[in-house]
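Thanks for asking me to look this one over. Here are my notes, in the order I would go through them with you.

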Amino acid sequence: MMAQRPTLALVGATGAVGSVMIDILNERDDWPWGEVRLIASPRSAGRRITVRGTELTVLALAPEVFDGVTVAMFDVPDEVSAQWAPIAAARGAVAVDNSGAFRMDPDVPLVVPEVNRDAIQQRPRGIIANPNCTTLSMMAALGALHRAFTLRELVVASYQAASGAGQSGVDRLYAELAAVAGKEVGVRAGDVREALEAAGMSNSDSPFSGPLAMNVLPSAGSYQGDGHFSEELKVRNESRKILGIPDLPVSATCVRVPVVTTHSLAVHAVFGSPVSVAAAHEILAAQPSIVLVDDPAAGRFPTPADVVGENPTYVGRVRQALDFPNALDFFVCGDNLRKGAALNTYEIAEVLAG
């Protein structure tokens, strides 16, 4: 008798990341699922969404919707995951959570399949966590280089897109760009703020700490004290957990930039053994989920405008770090809504289905 194929549930199917997940479901070549259930808040229940040619009705989030589910993917805020992922696990599903609710829970593996696939099987709570999109953007490259040369220290500067702050961040950036369009802003201090104020936009209703249009903001996430923001601590703590290096020295500065989607990172990585650009190129080019674009003399290297909407991580500007032995500097771009969120979650679900 043929075994029944597994059932997949998507919680948060109508949200920003959930919509990207629907696109990913429709794109995949291999299809292991026998049934897909789309789940959202009661106000979104009843909507119709097409998945692989079949129109599905969105179900309201409730305990019984997880009955018979093999894998439940959660693309919802932290507080929703914190409440409902354990319920899904108690009903027999493996919950794969894209929020920050469980990432540092010692009983919940934090997984990037290219790096620590085996951790998927160690899930005492029945929950698997997906890393933050900033950490994820560099992890395929770091994991591959760590396996070859043993990572010892990590310094990162991130340049994070507005969509990392959710739909409100995207809406705010577009509104600010419209407010400053056609104006001579940036000629003197206060120009941008004055243009936004003239358009009736105050900083009190912004998800950002200041104007993002024509500007960069060295703050991402919430302030955590001692000069650090939450996104910086996530890079440190999550990198250690994913790579299995609990005492890895990590320093991160996270910057919000006026880009809609795709995070970029400048990475300085120090290794325990000698490393060359040629060896790094060979290793990175061999990774299925990495695209190496590295010809700086010809102006060829990754940028967000070239990477948005793409699944792989793009890596370039690989160079020997000046004055630092056994160290590389490189630049990474990754779509924070695809590999940085939805795609990695789905790739974990595919491993579970297999």
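The points below go from the whole chain to its cores and then to two single residues.

1. Please keep in mind that this is a predicted model. Its secondary structure amounts to 10 helices and 16 strands.

2. On overall dimensions, the C-alpha trace extends over about 65 × 55 × 40 Å along its principal axes. The radius of gyration is 21 Å, which agrees with the value near 20 Å that a compact globule of 354 residues would have.

3. Burial and contact range are worth reading together. Buried residues make up 52% of the 354 in the chain. Among contacts with a separation of 6 or more, 68% join residues 24 or more positions apart.

4. Now the surface and the charges. About 15600 Å² of the chain is exposed, and 52% of that area is supplied by carbon and sulfur atoms. There are 28 positive and 39 negative side chains, yet the centres of the two sets lie 3 Å apart.

5. In soluble globular proteins, nonpolar side chains tend to be buried together. Here the largest nonpolar core has 57 residues, and Phe 66, Phe 74, Leu 145, Leu 154, Val 267 and Phe 330 have the most contacts inside it. Helix α4 (residues 133-149) gives this core its largest share, nine residues. A second core, separate from that one, has 33 residues, including Val 51, Ala 341, Ile 348 and Ala 349.

6. Val 267 is a good residue to click on if you want to see the largest core from within. Beyond its neighbours within four places in sequence, Val 267 contacts Met 138, Leu 142, Leu 154, Val 155, Leu 328, Asp 329, Phe 330 and Val 332.

7. Is Asn 344 buried or exposed? Asn 344 sits in helix α10 (residues 338-353), and it counts as buried because its relative accessibility is 0%, with the cut-off for buried at under 20%. Setting aside neighbours within four places in sequence, Asn 344 is in contact with Val 111, Val 112, Pro 113, Glu 114, Asn 130, Pro 131, Leu 136, Arg 338 and Lys 339.

8. Arg 48 belongs to strand β3 (residues 48-51). With a relative accessible area of 47%, Arg 48 is partly exposed. Not counting residues up to four places away in sequence, Arg 48 touches Glu 55, Leu 56 and Thr 57. From Arg 48 to Val 58 is 10 residues in sequence, and their C-alpha atoms are 6.2 Å apart in space.

Note on methods: Residues numbered from 1 in each chain as written. Predicted model: local features only at pLDDT ≥ 70, side-chain atom pairs only at ≥ 80, totals over all residues. Heavy atoms only, no water. Core = buried A, V, L, I, M, F, W, Y, C linked by side-chain atoms within 4.5 Å. Buried < 20%, exposed > 50% of the residue type's maximum accessible area, 1.4 Å probe, protein only. Helix = DSSP H or I, 4+ residues; strand = E, 2+ residues; numbered from the N terminus. Contact = heavy atoms within 4.5 Å. Rg over C-alpha atoms; globule rule 2.2 N^0.38 Å. Areas by Shrake-Rupley, 256 points an atom, 1.4 Å probe, with all protein chains shown as cover. Lys, Arg positive; Asp, Glu negative; His and termini not counted. Charge placed at Lys NZ, Arg CZ, Asp CG, Glu CD.
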